[in-house]
Amino acid sequence: MRYFEQNHWPEFPAAPKLEAHERELIAPSLRQFQLGEGANGHTLLRLGREFAEESGEAHYPRSLELFIREEQRHSEMLGRFLDAEAIPRQTKDGVDGVFRLVRRLWRHECMVTVLVSAECVAVPYYTALHDATGSPHLKALCRQILRDEAMHLTYQGQTLAKLTAGRGFWAASATRTLHRLMVLTAALVVYTQHRRFCLAAGWPLQDFVGSAFQALARVERKLPGSAIVGFSWSWPTRRISV
Ligand SMILES: [Fe+2]
Ligand SMILES: [Fe+2]
C-alpha cells in the first residue's frame, strides 16, 4: 500500500504534435487503451471489501482503492494526450465491453484474473508504443505506465496468492493453466485488433505474446510453487526497453 501512496507522477515534457502518419497509426489503439484503463472499479471494490471481511485482510480495500485510482490516472493522462492531439476519445469498445462483463459476472478471483490478463497484455502494448512513437511526451507516459504496471502485477500476484491459498496440486495446476490460456487469448485478440500498429512498431506476434507471458511470470512468482501442470511459453522473450 505504501507504494501506491508514494507513487507521484512527474510532469511530462511538452512536445510537438505527432506527425500525421504516426497519429494515424497509433490513434485507434491508443483510444481503445485509454478507454480500457478508465474502469470505475465499483464491482471490484465491493468484492474486495467482501474478501477483506472474510479473510481479515483489513488493509486490502484501501490498497484496492489506490490501485483503481492509479489505473484511472493512466486513463486520465492518456486522455489528456489524446485531447492535446485532437484525437477524439473512444466511449465504447466491443473487446473492452467483454472484459468488463466477464469481470462483473465472475467472483473476485476471476475478476482479478481477468484484470491481470489485461495488464499482462498492456506490457507489450505500451512497450511497442514507447518504441514506435517519436513523441517525448508519449514515451514518458509509456515509461511511467510500464513502471506502474510492473508494480500492479506484483500486487495482483500477492492478491491471487491469498485468494488461492490452500488449494491442492491439481486445483492449483488447473487454475494456473486456465490463467495462462486467458493471457494467451487476450494477447491474440489484442494483437489481431492492433496488428497493423504492432507490425509497424516491429513487434511480430511471437514477441507480443512472449512479452505478455514475461509479465505473467511476475505474477506467478508470487504464487505457491506446487502447481507444475500447464503449458509455458518457451519463445525467447524480447527485452523490455524502458
Ligand atoms: Fe493501467
Ligand atoms: Fe495496471
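The following legends describe close-up views of a predicted model.

Residues are numbered from 1 along each chain as its sequence is written, and chains are lettered from A and ligands numbered from 1 in the order in which they are written. In this predicted model, local features need pLDDT of at least 70, side-chain atom pairs count only at pLDDT 80 or more, and totals for chains, interfaces and linings use all residues; side-chain values use heavy atoms, with hydrogens and water left out.

**View 1. Coordination of the iron ion (ligand 1) by Glu37, Glu71, His74 and Glu149.** The donors (N, O and S atoms within 2.8 Å of the metal, or 3.2 Å for Na, K and Ca; water is not among the atoms, so sites may look incomplete) are OE atoms of the three glutamates and ND1 of His74, at 2.0 to 2.3 Å. Along the chain their spacing is E-x33-E-x2-H-x74-E. Angles of 81 to 148 degrees among the four donor atoms make the site irregular; four donors count as tetrahedral if all angles lie between 85 and 135 degrees, four count as square planar and six as octahedral if opposite donors are over 155 degrees apart and all others between 65 and 115, and anything else is irregular.

**View 2. Coordination of the iron ion (ligand 2) by Glu71, Glu119, Glu149 and His152.** The glutamates contribute OE atoms and His152 contributes ND1, lying 1.8 to 2.2 Å from the ion. This site is also irregular, with angles of 93 to 156 degrees among its four donor atoms. The donor spacing reads E-x47-E-x29-E-x2-H. Glutamate 149 and histidine 152 are separated by about one helical turn because they are three residues apart in helix α7 (residues 136–163); helices are DSSP runs (H or I, at least four residues) numbered from the N terminus.

**View 3. Glutamate 71 as a bridge between the iron ions (ligand 1 and ligand 2).** The two ions lie 3.5 Å apart. Glutamate 71 in helix α4 (residues 60–84) and glutamate 149 in helix α7 link distant parts of the chain, 78 residues apart. Glutamate 71 counts as buried (under 20% relative accessible area, with exposed over 50% and partly exposed in between; 1.4 Å probe, protein chains only) at 10% relative accessibility. Glutamate 149 is buried with a relative accessible area of 1%, and histidine 152 is buried as well.

**View 4. Surroundings of leucine 129.** Leucine 129 touches Ile26, Leu30, Leu138, Cys142 and Phe197, not counting residues up to four places away in sequence; contact means heavy atoms within 4.5 Å.

Terms used: Helix = DSSP H or I, 4+ residues; strand = E, 2+ residues; numbered from the N terminus.
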